[in-house]
Amino acid sequence: MALVGPEVEENLSLRYLASSLEAAESEPRYFPSMPPILPVLLDALAGEPPPAVIALSLSFQWRAEDVLALAMAARERGFRGHITAGGHFGSFAWRELMRDFPEIDSICRFEAEETLRALCRQVVDGGDWRKVAGLVVRDDRGVAELTARREPPGLGALPGPIGAAPARAGLGHPIAPLIASRGCYSNCSFCCIATLHRDSSPALRHRLRDPSDVAEEMAYLTTSAAWTSSSSTRQLLPTALGRQLAPDLGAR
Ligand code: B12
Ligand code: SF4
């Protein structure tokens, strides 16, 4: 299983996916790379055994050309395994992507920890991966269609993201990104986040993690990444969650 995508600091989308795959003992190989990513992946594909599944990040619309070129190059080099993709752009432009890029076998829509894990399991076991919920697949005529809907995962049940080693640095300090919520309470018409989470599940379009879990992760990151300041993260926390979190964090 090869998980491929761009990374500035730490890409928590891919790092959450990686930890969910690890928890299912899928042993993902993670390719966090900015351009040129192509030689890195192609070298890895040349090794034995090739991955059963390549999962490509299509979060960023402006990176789509690079990512799709990568799928084409992998096929040209003879990769016959399953190629899937996911992320914001992939979740919206699935019809066009499946129409124009036969190199891609499926797209995991929306939050994909459970979908990607189930897809990998079916592909590796030789099962009917076209029945996995949360996917875009092709019908018998080659036209893109959606499989059954999948509700987003419960945030409390997800394994934490795999971390970077050594810790990243910013302005001379070690840094570690952390997610306290997913989705958004607002509904700005220009923003893909509001649309993504509303389309995924209107009732669950904004979810907060349990403050204790967030405090636990902060405490862990502080020790494991030799993190010296939590001020930037506090600014990112939704205010209500931040208020609940303060005493809990102090206790740790
Ligand atoms: C943190 C963040 C950043 C950070 C850190 C990113 C990093 N470390 O790599 C920084 C500041 C560097 C950044 C930069 C940019 N960002 Co930014 N960023 C975000 C933000 C706020 C959170 C992303 C995140 O980690 N979410 C948490 C994870 C768990 O959720 P998720 O991303 O939705 O991932 C889930 C699903 O989407 C899916 N999924 C995601 N990726 C994949 C891949 C595969 C293979 C599969 C199967 C599934 C899948 O499964 C994931 C797990 O459930 C989002 C907005 C948001 N609230 O999501 C914008 C956002 C992703 N960024 C955006 C943009 C435009 C950019 C920039 C291009 C800005 C610029 N002009 O420079 C750059 C691109 C940098 C790059 N990587 O090349 C846009 C993308 C819009 C689009 N579709 O093109 C977003 C959506 C903001 C917005 N509303 O406009 N960004
Ligand atoms: S994430 Fe999007 S919907 Fe939420 S406040 Fe920001 S711009 Fe508006």
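**Exercise 1. Which residues are around ligand 2? Sort them by class as well.**

Let's start by listing the shell in this predicted model.
- Step 1: ligand 2 is surrounded by Cys184, Ser186, Asn187, Cys188, Cys191, Ile193 and Ala194.
- Step 2: sorted by class, five of these residues are nonpolar and two are polar, while none is charged.

**Exercise 2. Describe the shell around ligand 1, and work out why ligand 1 lies between domain 1 and domain 2.**

Take the residues, then the elements, then the domains.
- Step 1: the shell holds 35 residues, of which Ser13, Gln61, Gly86, Gly87 and Glu111 come nearest.
- Step 2: two or more residues each come from α1, β3 (53–57), β4 (82–86), α4 (88–92), α6 (113–125) and α7 (192–200).
- Step 3: α1 makes the biggest contribution, giving five residues.
- Step 4: by class, the shell comprises 19 nonpolar, ten polar and six charged residues.
- Step 5: domain 1 (2–146) and domain 2 (165–251) each supply residues to this shell, so ligand 1 lies between them.

**Exercise 3. Follow helix α1 along the chain and say what comes just after it.**

Let's look at the helix itself now.
- Step 1: α1 covers residues 12–23, twelve in number.
- Step 2: from first C-alpha to last, α1 reaches 16 Å, close to the 16 Å expected at 1.5 Å a residue.
- Step 3: its buried residues are Ser13, Leu14, Arg15, Tyr16, Leu17, Ala18, Ser20 and Leu21.
- Step 4: Ser13, one of these buried residues, is also among the residues that come nearest to ligand 1.
- Step 5: just after the helix, Glu25 has a positive phi of about 60°.

**Exercise 4. Is Arg15 buried or exposed, and which residues is Arg15 in contact with beyond its neighbours within four places in sequence?**

Count first, then look along the chain.
- Step 1: Arg15 belongs to helix α1.
- Step 2: the cut-off for a buried residue is 20 or more other C-beta atoms within 10 Å. Arg15 has 22, so Arg15 is buried.
- Step 3: leaving aside neighbours within four places in sequence, the contacts of Arg15 are Glu10, Pro161 and Ile162.
- Step 4: Pro161 is 146 residues from Arg15 along the chain, yet their C-alpha atoms are separated by 4.8 Å.

**Exercise 5. Find where pLDDT stays under 50, and decide how to read that part.**

A last look, this time at confidence.
- Step 1: mean pLDDT for the chain is 84, with 82% of residues at 70 or more.
- Step 2: residues 226–239 stay under 50, and the model has 18 contacts beyond four places in sequence for them.
- Step 3: where pLDDT is low, predicted coordinates should not be read in detail.

Conventions
Residues are numbered from 1 along each chain as its sequence is written. Chains are lettered from A and ligands numbered from 1 in the order in which they are written. This is a predicted model: local features need pLDDT of at least 70, side-chain atom pairs count only at pLDDT 80 or more; totals for chains, interfaces and linings use all residues. Helices (H or I, at least four residues) and strands (E, at least two) are DSSP runs, numbered from the N terminus. The expected span of a helix is 1.5 Å times one less than its number of residues. A residue is buried if 20 or more other C-beta atoms lie within 10 Å of its own, exposed if 12 or fewer, and partly exposed in between; C-beta atoms are placed from the backbone. A residue is near a molecule or strand if its C-beta atom, placed from the backbone, lies within 6 Å of it. Ala, Val, Leu, Ile, Met, Phe, Trp, Tyr, Cys and Pro count as nonpolar, Asp, Glu, Lys and Arg as charged, and the others, Gly among them, as polar. Domain bounds come from an automatic or database domain assignment. pLDDT is the predictor's confidence in each residue, from 0 to 100. Two residues are in contact if their C-beta atoms, placed from the backbone, lie within 7 Å.
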